[in-house]
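The exercises below ask you to read a fold from its coordinates, step by step. Try each task before turning to its solution.

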Amino acid sequence: MDEVVCIHGRGNFPTLEIRLRDLVNVVRGKLEADTGSGDIRLNGGAASHVLATETQPYNDLDLIFGVELSCTRNFDKVKSAVLSSLYEMLPEGVNRRRISTCSLKEAYVSKMVKVNQCTVGGDRWSLISLGNSRGRGVELKFVDSMRRQFEFSVDSFQIVLDSLLLFYRCSELPISENFYPTVVGESVYGDFQEALYHLQKKLISTRHPEEIRGGGLLKYCNLLVKNYKPARPDYIKGLQRYMCSRFFIDFPDIAQQRAKLENYLWNHFVEPDEEALRHQYLMLLHDVVEESTVCLMGHERRQTLQLIKSLAWQVLYTVSSIPFKSYFLLCYWVRLVLW
């Protein structure tokens, strides 16, 4: 929580360099004044990074704020709390009189999502994603209810931060090896020990992928290409059909599929040593779609497979200009010829 995160602004807006716990405390203070606030949790890949015994890369800092969203106006109050917090954290020397919340949204917010299902037990949550450059962003989720909070067991962890934030506020001594607060870790997968075992052994496990937007298909192939193995190979093979079906329900036409794939490649293969993995990833995705797609017409299926092939060719052309062992490059070309 002491990490300084950079939130890049569009145009002439400056980059905000903010200590993470300062951002959390300011947003929380505004929420408590307007809507009330529950606990705050570190979620997903960042929580897995904390709990893993080996280095576990992650893409975004995903924070969950417990809030009450039964009133539609509270969604606007959440947005206002975040934007006014950014306003307060603008660096010195910035002429604030000419800056509106609308311009702050355009400058620093890369994505906003609002889900308000009025049915009993329906999802009610909001997402505000900060940061507009490639790399690690800050995702603030404001959750009243969310039935599905994970894709796979390895990203199902949540760490409750309230005791840590209280420690920072009250203690005059810094955290040390012998002086620290106790925090609680949970797994929304259900079985914490099983999920932790999957994380440590790099195993893939999920349930009901048809409940996940996109079916978890792209994340599944990402785990495979990074040497994760199915915890139950026969069972996961059966789930691949549900992953593919849900993906094509959510992204039914070729333009949506292209946009989703290009965006995923851009945001999830960021590090220099991950560039070469993009081609392997697309080849693996092609194999899974070809093997497990049962919901498309013949011409639709061929169209999607051709899209993945064309993206693989584009990636290979880019990767081939990056120095790496000729053996791997030869393997790529041989695979494409056999394809």
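**Exercise 1. Strands β4 and β7, and the sheet around them**

Task: Determine how many bridges join β4 to β7 and whether the two run parallel or antiparallel, and then establish the order of the strands in the sheet.

Solution. In this predicted model, strand β4, residues 61-66, is joined to strand β7, residues 138-145, by six bridges, and the two run parallel. One position in this pairing is D62, which stands opposite E139 in β7. On to the sheet as a whole: it is open, has seven strands with mixed pairing, and follows the order β5-β6-β7-β4-β3-β8-β9. Its edges are β5 (109-116) and β9 (184-187), each of which pairs on one side only. On average, neighbouring strands of this sheet are turned by 20 degrees against each other, with direction ignored. Helix α1, residues 20-34, packs on the sheet and touches β3 (40-43), β4, β6 (124-130) and β7, while its direction makes about 25 degrees with that of β4.

**Exercise 2. The surroundings of β4**

Task: Find out how many residues of β4 are buried, and assign these residues to the two sides of the strand.

Solution. Begin with the general pattern, namely that side chains in a regular strand alternate between the two faces of the sheet. In β4, L61, L63 and F65 lie on one side and D62, I64 and G66 on the other, and all of these are buried, with both faces of the strand covered. Since six of the six residues of β4 are buried, the strand is largely enclosed by the rest of the structure. For the pairing with β3, four bridges join β3 to β4 and the two run antiparallel; here the bridge partner of N43 is D62 in β4.

**Exercise 3. From β3 through β8 to β9**

Task: Work out in which sense β3 and β8 pair, in which sense β8 and β9 run, and which residues of β8 point one way and which the other.

Solution. Take β3 and β8 to start with: they pair in the antiparallel sense over three bridges, and L42 stands opposite I159 in β8. Continue to β9, which is joined to β8 by four bridges and runs antiparallel to it; the bridge partner of F157 in β9 is S187. Finally, consider the side chains of β8, residues 157-160, where F157 and I159 point one way, Q158 and V160 point the other way, and all are buried.

**Exercise 4. Helix α7 and its cover**

Task: Decide whether helix α7 is mostly covered or mostly open, and list elements that cover its buried residues.

Solution. Helix α7 spans residues 217-225, and eight of its nine residues are buried, so that the helix is mostly covered according to the cut-off of under 20% relative accessible area. The buried residues are L217, L218, Y220, C221, N222, L223, L224 and V225. Their cover includes β10 (203-204), β11 (229-230), α8 (233-250), α9 (254-268) and α10 (277-292). Just after α7, N227 takes a positive phi of about 70 degrees.

**Exercise 5. Positive phi in two loops**

Task: Locate K202 and H208, give the phi of each, and judge whether each is buried or exposed, or lies in between.

Solution. K202 lies in the loop between α6 (192-201) and β10, and has a positive phi of about 55 degrees although it is not a glycine. With a relative accessibility of 30%, K202 counts as partly exposed. H208 is placed in the loop between β10 and α7; its phi is near 50 degrees, again a positive value in a residue other than glycine. H208 has a relative accessible area of 42% and is partly exposed.

**Exercise 6. The whole chain and the confidence in it**

Task: Compare the radius of gyration of the protein chain with that of a compact globule, and identify where pLDDT stays under 50.

Solution. A compact globule of 339 residues would have a radius of gyration near 20 Å, and the 22 Å of the protein chain agrees with this. The C-alpha trace spans about 65 × 45 × 45 Å along its principal axes. Of the contacts with a separation of 6 or more, 66% come from residues 24 or more positions apart. As for confidence, the mean pLDDT of the protein chain is 87, and 93% of its residues reach 70 or more. Over residues 322-330, however, pLDDT stays under 50, and the model has six contacts beyond four places in sequence for this stretch.

Terms used
Residues numbered from 1 in each chain as written. Predicted model: local features only at pLDDT ≥ 70, side-chain atom pairs only at ≥ 80, totals over all residues. Heavy atoms only, no water. Pairing = 2+ DSSP bridges. Axes fitted to C-alpha atoms, helices over the stretch in contact; angles between N-to-C directions. Contact = heavy atoms within 4.5 Å. pLDDT = per-residue confidence, 0-100. Rg over C-alpha atoms; globule rule 2.2 N^0.38 Å. Buried < 20%, exposed > 50% of the residue type's maximum accessible area, 1.4 Å probe, protein only.
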